[in-house]
Each structure stands twice: as structure tokens, then as C-alpha cells.
Amino acid sequence: MKIAFDVKIAVLGGGLAGTAFAYEASRRGFSVTLVEKEERLGGLLRSENIDGYVFDAGGSHILFSRDQRRMRFFLGLLGNNVVRHRRDARVYFEGKYVKYPFENGLYMLSPDFRYRALRDLLNKYVKHRCGEAENVSNFEEWIYATFGETIADSYLIPYNRKLWKRDLKQISLEWVGNRVPNPPLDDLLKTAVGINTEGYLHQLNFVYPRVGGIQELVNAFESRLRKNGNVELRLGQRVDAIDPRAKTIVLSNGETLQYDRVVSSLPLPEVARIAGLRGFPRLDYNSLIVVGIGLRDTRLPRYHWVYFPDEETIFHRIAFLSNYSPFMAPRNGANIIAEITVPPSERLDPEKSVQKTIEGLEAVGLIRGDRVEVAKAWFWKYGYVVYDRNYSKNVKRARRELRDAGIMTIGRFGLWSYLNMDDVVFSSFEAARALR
């Protein structure tokens with residue numbers, strides 16, 4: 001039942017968080033104005049069609065959740081526009097495509113490697129059971145304590161150094177629980193003796209839009225917003241300033257909007273800047289370059305995505321989007337996206353990254369450069385939240401300062417938290433439901 005409110009809410013940012021919040025707030029009867037700097041909604045969930053190749057420009061995204069109620073919501077939102085998959089992901093290791101998670105793919109490796117991995121894991125397990133567990137204070141120590149030296153040194157340490165571009169001793173543990181699963185001992189025993197097992201089970205089955213790319217998730221929210229009379233979409237307008245005292249927003253076209261409440265999904269440093277908050281705490285992050293490759297070739301492997309821990313390839317992960325859905329590429333075509341992280345202290349020309357990506361894909365034998373028909377790079381200033389040692393202190397202070405200024409924040413970069421898509425959506429719903 002609709003609740004009769006007449007409160008003007010300004011929502012800044014039309015990515016997944018902002019769109020989900022606007023949907024729920026408007027559904028509850030609030031008057032919402034959603035401001036997005038691009039000409040269409042989507043944010044990191046933007047998809048682009050280039051000559052029949054549909055690229056997810058913000059990187060590989062799939063729909064899964066530990067909570068089946070959430071999955072039922074997403075399925076209802078997308079309707080018939082879904083494809084269901086059982087994950088086939090790999091880790092490129094010593095010329096082999098080892099099953100992901102890596103510790104569940106040990107059965108594909110040599111007996112000597114399996115022995116060493118199992119030996120290390122059992123040593124850690126026995127020490128833990130005997131009360132000799134190591135003191136763990138950072139991400140690198142946690143990897144060694146959890147997986148043992150063989151798996152850590154072979155895969156997890158080099159991969160995470162490549163992804164985070166940081167000394168792993170300087171990364172805290174606050175994000176680990178939801179993102180890096182602890183390996184069940186029984187699974188490890190099985191895979192070490194050559195028995196196939198599955199890990200990371202809540203992600204084992206996933207869904208993806210049949211047509212349109214991951215953008216269709218945001219489009220489904222948008223179609224409902226446009227049917228609602230109490231939602232105004234301001235697309236192609238950047239927020240240049242917020243005056244929390246006057247409760248006004250200045251847009252890039254010079255227009256000033258009055259609001260009763262403001263909700264931001266913008267990255268915390270950006271909303272602090274436009275609100276004029278000085279002395280804002282330093283928050284660490286990585287930028288992201290996504291390279292899309294469209295090629296005339298149907299002989300690619302049927303994997304969904306692959307991780308690359310080696311130093312030779314520029315990308316840390318690729319996804320075969322045409323294996324997510326055949327409608328992501330023309331007939332007899334294939335669609336690959338590669339992801340490259342860039343720390344704020346470094347510069348990488350997105351156009352140069354295209355050539356390096358093609359060279360890397362050729363080097364591992366996945367593609368032939370003469371079959372590439374489309375290639376494009378997208379740069380995202382904010383790609384990954386980095387959990388440095390000052391993360392908790394700085395994020396708490398940042399949220400408090402924005403809250404004191406009357407600015408509610410939502411989403412991965414508004415909360416400055418490494419959230420899955422289902423958490424982004426449902427935490428935004430909860431924020432909308434808390435409105436009074």
C-alpha cells in the first residue's frame with residue numbers, strides 16, 4: 001500500500017544504487033528527482049552496442065545471491081529476459097586453465113603440487129586445532145594462514161598484488177569475509193587426491209540478461225520509474241555544487257534545485273568536494289580500465305571468466321560475454337572484456353591498454369589479432385574501494401561528516417564498501433524504507 005508523503009528527495013547518481021533507491025522511495029510515495037551526469041542511467045552497469053557486439057563497459061557483472069528472496073526479486077524484475085548458468089570459471093596457471101576457485105581445481109595439477117598444497121593446508125589446520133594459530137593482522141598474513149604457502153605463493157598472492165596494486169601487508173581484513181571464501185577441509189582433501197569438487201557455492205549458479213547486457217537490470221528499474229508520476233529524471237546533468245544549509249543543488253546547466261533531503265550514490269570524495277567539505281579524510285581506491293574486444297571467431301573456450309595472476313598479461317581478469325548470452329555478439333562472433341586496475345598514483349593510456357590486451361590474449365593463445373573487428377577501452381576513475389589500514393577510521397569519519405551535512409549516502413562508493421550487486425540494491429531499499 002502506498003504511503004502518502006510529499007517530500008522532495010534529490011538522488012545524485014543514476015547507477016544501480018541511485019536507481020534502486022529512487023524506485024523504492026517513489027514506490028513508497030516520495031517525490032524524487034534523480035540526477036545523472038550521463039545521458040542515460042547505468043553507471044558501472046552500462047552496456048554499449050558497437051556493431052552488434054554488446055560490451056559491459058564497467059566490467060563483468062553477474063546476478064547471484066546467498067538470499068533466494070533477493071534472487072526471486074531480480075528474476076521478477078527481468079521477467080523472461082534471463083539466461084541461467086552453472087559457473088565455469090578458471091585460473092590461468094602455468095599454461096593451464098585451472099578450475100576456479102583455485103583450491104578446488106587442485107585435481108587438475110600435478111601430484112607433486114597437490115601434495116605440497118595439501119601438506120601446507122594440513123599444517124595450518126593442525127596448528128589451529130592445537131591452539132597454535134598465527135596472529136593475523138593484514139590480508140597477506142591471512143592468505144598464508146588460511147591457504148598455506150603453496151596456494152598463496154602460486155596464485156593468491158600474485159593475483160591480489162596484481163589486482164590491488166598494493167603491498168598486501170597494507171590491506172586490512174575488513175572486506176575478506178564476504179569476498180574470499182574459506183576453503184572447506186573436506187573439499188581440499190577431495191581435490192588434492194583428484195576428486196572434482198565445487199567451491200564458492202552461492203556463486204555456482206547465476207543469471208544474466210538474455211539480451212541487452214547487464215544494463216538491462218538498471219533499465220528494468222528505469223521502466224518502472226518512468227511509469228511513476230512522482231519521479232523526475234534529470235539526465236545529462238552534472239551536480240556542480242551542494243549547499244547543505246540552503247538545501248540546494250546547482251546543476252551543470254546553471255539550474256538550482258531545492259530539496260528537502262539529498263541522497264548520494266556518488267563516490268565519497270566527489271560528494272565531499274561538491275558539498276565544500278574541507279579536510280575530508282583520505283580514502284584509497286583503484287581506477288579501472290575495461291577493454292572490449294569483438295572478433296569473428298567461434299572457437300573460443302566455453303568459460304565464463306578467467307583470472308590471470310601472471311605478471312606478463314596486463315589484465316587481471318577477462319570475461320567471455322558471448323558465453324553469458326549468445327546475443328552479446330553477432331552470429332559467428334565472440335565478445336571478450338578485460339579488466340585492468342590502475343592506482344591513483346599511476347597513469348595508463350586507455351588506448352594503449354587496448355593493444356596490450358590484444359597482445360596478452362594472443363600470447364595465451366585465446367585469440368588471433370587479425371580476427372578482431374571491434375576494440376574499445378572505457379576508463380572509470382573509481383573502480384575498486386581499497387581497504388587500507390586506515391579504512392575503518394577514515395570511512396567512519398567521512399560518513400559522519402556527510403551525515404552531519406544532511407547528506408545520506410548509498411551504494412558501493414557512497415558507502416565506500418566492496419558490495420555485491422544484490423547488497424547494493426537491497427541496502428538502497430533499506431535506506432529508502434528508513435525515510436520518514
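Analyst: Quick definition before we start: helices (H or I, at least four residues) and strands (E, at least two) are DSSP runs, numbered from the N terminus. The model is predicted, so to speak of local features takes pLDDT of at least 70 and side-chain atom pairs count at pLDDT 80 or more, while totals for chains, interfaces and linings use all residues. Residues are numbered from 1 along each chain as its sequence is written, and side-chain values use heavy atoms, with hydrogens and water left out.

User: Cool. Which strand is Ile 242 in?

Analyst: Ile 242 sits in β10, the strand that covers residues 239-243.

User: And is Ile 242 buried or exposed?

Analyst: Buried (under 20% relative accessible area; exposed is over 50%, and partly exposed is in between, with a 1.4 Å probe and protein chains only). Ile 242 gets that label because its relative accessibility is 6%.

User: How far is Ile 242 from Leu 189?

Analyst: Their C-alpha atoms are separated by 57 Å. Along the chain, Ile 242 and Leu 189 are 53 residues apart.

User: What comes after β10?

Analyst: A loop that runs between β10 and β11 (248-251), and Lys 247 is in that loop.

User: What's the phi of Lys 247?

Analyst: About 55 degrees. That is a positive phi, although Lys 247 is not a glycine.

User: How open is Lys 247?

Analyst: Lys 247 has a relative accessible area of 38%, so it goes down as partly exposed.

User: Switching topic. How long is α4, and how far apart are its ends?

Analyst: α4 has 26 residues, yet its end C-alpha atoms are only 11 Å apart. A straight helix would reach 38 Å at 1.5 Å a residue, where the expected span is 1.5 Å times one less than the number of residues.

User: Whoa. Where does α4 bend?

Analyst: At Gly 148, by about 125 degrees. That bend is the angle between axes fitted to the seven residues ending there and the seven starting there.

User: How much of α4 is covered?

Analyst: It's mostly covered, with 19 of the 26 residues in α4 buried.

User: What's up with Lys 165, just after α4?

Analyst: Lys 165 takes a positive phi there, about 55 degrees, and again the residue is not a glycine. Lys 165 belongs to the loop between α4 and α5 (176-179).

User: Why does Lys 165 count as partly exposed?

Analyst: Because its relative accessibility is 30%.

User: Any cis peptide bonds to look at? Which residues does one join?

Analyst: Look at the bond from Tyr 100 to Pro 101, which is cis, with omega near -5 degrees. Pro 101 is found in the loop between β7 (96-99) and α3.

User: Now Asp 284. Where is that?

Analyst: In the loop that links α8 (268-274) and β14 (285-295). Asp 284 has a relative accessible area of 7%, so this loop residue is buried.

User: Last one, Leu 348. Where does that sit?

Analyst: Leu 348 is in the loop between β17 (334-342) and α10 (350-363). Since its relative accessibility is 25%, Leu 348 counts as partly exposed.

User: And how far is Leu 348 from Lys 247?

Analyst: From C-alpha to C-alpha, Leu 348 and Lys 247 are 39 Å apart in space. In sequence, 101 residues separate the pair.
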